[in-house]
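Colleague: I am new to this structure and would love a close look at a single part, the aromatic rings and what surrounds them. Could you walk me through that part?

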Amino acid sequence: NNISITTDAAADAVTIASTTSRVKTLYAVTASHSSGTPLTVSGAQISNSGYDPNKSDIFVNGQLMASGSTRDYTLLGNDTGVNFNFTLELDDIVTVLIT
């Protein structure tokens, strides 16, 4: 869905385009957060993904996290809330990527 492919024989070119946009939000952790403590990622619009883990990617210090209550994190059902199943430390970088 949301992908188009066009060809231009005269230019010998194929163009692949997508109408899907993605939004990336970076957040620097300002204090440690123990496991299970909700983290508010200011500026994230998680509802834009319908809270679908297949459309929301969460990274910590560049490492992709796995969603689910027995994995790395769960989404809290609001635009900015993420609950991590491990402790976040001061200066960790959390990236939220929504497609």
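Modeller: Happy to! Buried means under 20% relative accessible area, exposed over 50%, and partly exposed in between (1.4 Å probe, protein chains only). Both Tyr73 and Phe84 are buried. Please keep in mind that this is a predicted model, where local features need pLDDT (the predictor's confidence in each residue, from 0 to 100) of at least 70, side-chain atom pairs count only at pLDDT 80 or more, and totals for chains, interfaces and linings use all residues. Residues are numbered from 1 along each chain as its sequence is written, and side-chain values use heavy atoms, with hydrogens and water left out. The mean pLDDT of the protein is 86, with 98% of its residues at 70 or more.

Now the rings. Rings of Phe, Tyr and Trp (its six-membered ring) pair if their centres lie within 6.5 Å; planes under 30 degrees apart count as stacked, over 60 as edge-to-face and the rest as tilted. That rule gives two aromatic pairs. In one of them, the centres of Tyr73 and Phe84 are 6.3 Å apart and the planes stand at 50°, so this pair is tilted. Because Tyr73 sits in strand β7 (residues 73-75) and Phe84 in strand β8 (residues 81-84), the pair ties together parts 11 residues apart in sequence. Strands here are DSSP runs (E, at least two residues), numbered from the N terminus. Tyr73 and Phe84 also join Phe86 in one aromatic cluster.

Phe84 has another role to notice: in the largest nonpolar core, which has 16 residues, Phe84 is among those touching the most other members, along with Val41, Ile58, Val94 and Val96. Such a core is a set of buried Ala, Val, Leu, Ile, Met, Phe, Trp, Tyr and Cys residues joined through side-chain atoms within 4.5 Å.

Terms used
Helix = DSSP H or I, 4+ residues; strand = E, 2+ residues; numbered from the N terminus.
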